[in-house]
Each structure stands twice: as C-alpha cells, then as structure tokens.
2 protein chains.
Amino acid sequence: MKHHLKYILPLVVIFLVACNGNKKAESISQKNELLFPRGDKNTTDNFEGDVWVKSLVDADSINQTAVGNVTFAPGARSKWHIHPAGQILLATDGVGYYQEKGKSKIILRKGDVVKCPPNISHWHGASPDTAFVQVALTGREKGATVWLDAVGDDDYAERAARKKIL
Amino acid sequence: MKHHLKYILPLVVIFLVACNGNKKAESISQKNELLFPRGDKNTTDNFEGDVWVKSLVDADSINQTAVGNVTFAPGARSKWHIHPAGQILLATDGVGYYQEKGKSKIILRKGDVVKCPPNISHWHGASPDTAFVQVALTGREKGATVWLDAVGDDDYAERAARKKIL
C-alpha cells in the first residue's frame, strides 16, 4: 500500500487546495456584491474615520426626501447631529451602532430599521471590527442637518443595550 | 500505470462531487439571505400574481414617508396606480419592470433607483422568469395611493427600452 502514496497524496493535496480556493473566490465575490455603489470618500469633518457616501436621490421641490448610501469603515462614526425633519436608517450590511442622546447605544445589523425623530441629537457608525452600510432617508423640508460635537471614546465604547428600535 | 487507476479514479470523483456540493450549498445560502423579511402575502386586488408586503416604517404625523419591502413572484405585477406625493423605489434583488403611462417600460435590477413623480400613473412588478424585490418609499402627506386598471398583457410583454431612470 505504502508505495501508492506517491499517487494518492498529491491528489489529496490538490483536492484540499482547490476546494479551499473555491471558498475564497466565492467569499470575495459576495463581498463585492454591493447593493449600491460605495460612492466617494467623505472629505468633511462631520465624520471620524473612513466613510463613503453615495447619493441615490436628491431632494427637490416636489420630493423632499434625500436618499443616500453610507459606508462606514470599522471604527468610523458620524459626529452627534440633528435632522430637523428626522431620518430613517435602513441597515443593509455589516454591524453598526446608533445612539440617541441620553439613551443606550444600539447595535444595527442587516435588515434593522431605525426611525430617528426630528431634532433629536444622535450619531451612527460602524462597530470597531466590522464595517457598516446603511441607506439613509433624510427629510429636507425643514432645513439641513445640524452638526454637533464629536462622539467621545466613552460613548463609542459603551456597551450596547438593545439590538433594534423597531 | 494502468493498475493505479483504481486509486486515482475514486479520488477524482470525490474531488468533483465535493467541490460541486460546495457551490450548491453557498448558492442556496445566498438566496436565503433576504435583506428584509418577505412579510405577508398580499390579499388585496391591487396586484396580479403572488406578492408579499412587509411594512418597515409607517407614516405618522411627524414622518410622512412610509417604507415597505415588496416581493413580486415571477410574472406578478401591480395595477396601474398613482401616488399623490410620489414614490421612490430601491431595487434590492431580482429583475423587475417599471413603467409610467405613455413611456417605455424599463428593467430594474439590484441597485437601480426610480423616482416616480406625484400623480403619474405607473405600475411595477417582476419579470416573467425572475422574482423582484423592492423597497418602496411612499410619501403619505397628500393622501393614499389611487388604484386604477390592471396592466394588460400587451403592456406587460412590451419590450423594455432602458435599464435605469436615474
């Protein structure tokens, strides 16, 4: 039997390498299947860390809701801010955080939906280890976003209490 | 060499079967990874064919935009209808159709975005062979959807002219 190992062993190695290669290729392919384009890298100081924004629908005189796709690299976050007409967030990928002033931070995962009331100070971003992608629906009929202070490391590191608002 | 085939051939067969099994398992897993729950099957006569609707955000006195996830089985479609405050459609999976009265039908695929103006008669649905999933953002501040006639087979079968509006 032993002298046949020279035929069998190389085939076992090819089998393991090929199947592993298959998995890697499909995993990368899944990562590249973005729902919406990532868009341009943020250059404002309204965010900390690497953030990409793709506008999907601009608000206009008839439709006052702007729709944008926002991608946060791990650890990236917005500053605290206020939307005068409120905002709806649809979590589409990864693991993110959302916190309203005075409330516990919550974890957002693909499929979670947040309804942020008008004039409530809040922030959102990615978890430390995993990127986060959201679609933001922002009413523009009562004015532009009001940007406030940066999110402190204590707030960012606080233990998340709930997974979903809605 | 020939007498070694009894060792080599079974390994080749195992290799091919195992790698193929890998692909099938990952393909099914991708299909099951819905972005939002499919929700309840439509029981109104506003649609033709099998349609599922999951409300994600209800409109209220502060936020007038309703957000819903709609899944059309292959061939399923809405009737012609009007939204008094317009609608935004985000195509999230599959292959669908969208048509405004008097314009060519367009094909919608994952990542496509449609901005439907207020008071424009239109319909949407799945292509004949592939289901379609959309997130619909519907302004409720000017009243409820006005439902009109069923989409004729001629309109449904018309050749699609463009892929994207935006």
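This is a short talk on the core, one central strand, the aromatic pairs and the salt bridges of a predicted model.

I will start with the nonpolar core. The largest one has 20 residues. Val67 and Leu90 of chain A, together with Val67 and Leu90 of chain B, have the most contacts inside it. Which strands supply at least two residues each to this core? In chain A they are strand 3, residues 51–57, strand 7, residues 87–100, and strand 11, residues 132–139. In chain B they are again strand 3 (51–57), strand 7 (87–100) and strand 11 (132–139).

Take Leu90(B) as an example. Setting aside residues up to four places away in sequence, Leu90(B) touches Phe36(A), Val67(A) and Val135(A) in chain A. Within chain B, Leu90(B) touches Asp112(B), Val113(B), Val133(B), Gln134(B) and Val135(B).

Next, strand 7 of chain A. Why do I call strand 7 of chain A largely enclosed by the rest of the structure? Because 12 of its 14 residues are buried.

Now the pairing partners of that strand. Strand 7 of chain A runs antiparallel to strand 9 of chain A, residues 113–116, and 4 bridges join them. Here Leu89(A) sits opposite Val114(A). With strand 11 of chain A, the pairing is also antiparallel and covers 7 bridges. In that case Leu89(A) faces Ala136(A). So much for Leu89(A), which has a bridge partner in strand 9 and another in strand 11.

Further along, Gly96(A) is a useful marker. Strand 8 of chain A, residues 106–109, pairs with strand 7 of chain A in the antiparallel sense over 4 bridges, and Leu108(A) is the bridge partner of Gly96(A) there. Strand 10 of chain A, residues 122–126, pairs with strand 7 of chain A over 5 antiparallel bridges, and there Gly96(A) stands opposite Ala126(A).

What lies between strand 7 and strand 8 of chain A? The two form a hairpin with 5 residues between them. In the turn, Gly102(A) has a positive phi of about 85 degrees.

On to the aromatic residues. Over all chains, the structure holds 12 aromatic pairs. One of them is Phe72(A) with Phe132(A), which is stacked, with 6.3 Å centre to centre and 25 degrees between the planes. Phe72(A) lies in strand 4 of chain A, residues 65–72, and Phe132(A) in strand 11 of chain A, so the pair ties together parts that are 60 residues apart in sequence. Phe72(A) is buried at a relative accessible area of 0%, and Phe132(A) is buried at 0% too.

For another geometry, consider Tyr97(B) and Trp123(B). Their ring centres are 6.4 Å apart and their planes at 90 degrees, so this pair is edge-to-face. Tyr97(B) belongs to strand 7 of chain B and Trp123(B) to strand 10 of chain B, residues 122–126, so the pair ties together parts that are 26 residues apart in sequence. Both Tyr97(B) and Trp123(B) are buried.

Back in chain A, Phe72(A) and Phe132(A) also belong to one aromatic cluster with Phe47(A) and Trp147(A).

Some rings have a charged side chain over the face. Lys101(A) lies over the face of Trp80(A), 4.1 Å from the ring centre. In chain B, Arg38(B) lies over the face of Trp52(B), at 4.0 Å from the ring centre.

Last, salt bridges. Side chains of opposite charge can pair when their charged atoms come close. The count comes to 8 over all chains.

Which side chain meets Lys115(A) in a salt bridge? Asp60(B) does, at 2.7 Å from N to O. This pair crosses between chains, from strand 9 of chain A to the loop between strand 3 and strand 4 of chain B. Lys115(A) is partly exposed at a relative accessible area of 22%, and Asp60(B) is partly exposed at 32%.

There is also a salt bridge between Asp50(A) and Lys41(A), with the closest N and O atoms 3.4 Å apart. Asp50(A) is partly exposed at 36% relative accessible area, as is Lys41(A) at 45%. In chain B, Lys41(B) and Asp50(B) meet in a salt bridge at 3.4 Å, N to O. Lys41(B) has a relative accessible area of 44% and is partly exposed, while Asp50(B) counts as partly exposed at 36%.

Note on methods:
Residues numbered from 1 in each chain as written. Chains lettered and ligands numbered in written order. Predicted model: local features only at pLDDT ≥ 70, side-chain atom pairs only at ≥ 80, totals over all residues. Heavy atoms only, no water. Core = buried A, V, L, I, M, F, W, Y, C linked by side-chain atoms within 4.5 Å. Buried < 20%, exposed > 50% of the residue type's maximum accessible area, 1.4 Å probe, protein only. Contact = heavy atoms within 4.5 Å. Pairing = 2+ DSSP bridges. Phe/Tyr/Trp six-rings, centres within 6.5 Å; stacked < 30°, edge-to-face > 60°. Lys NZ or Arg CZ within 6 Å of the ring centre and 35° of its normal. Salt bridge = Lys/Arg side-chain N within 4 Å of Asp/Glu carboxyl O.
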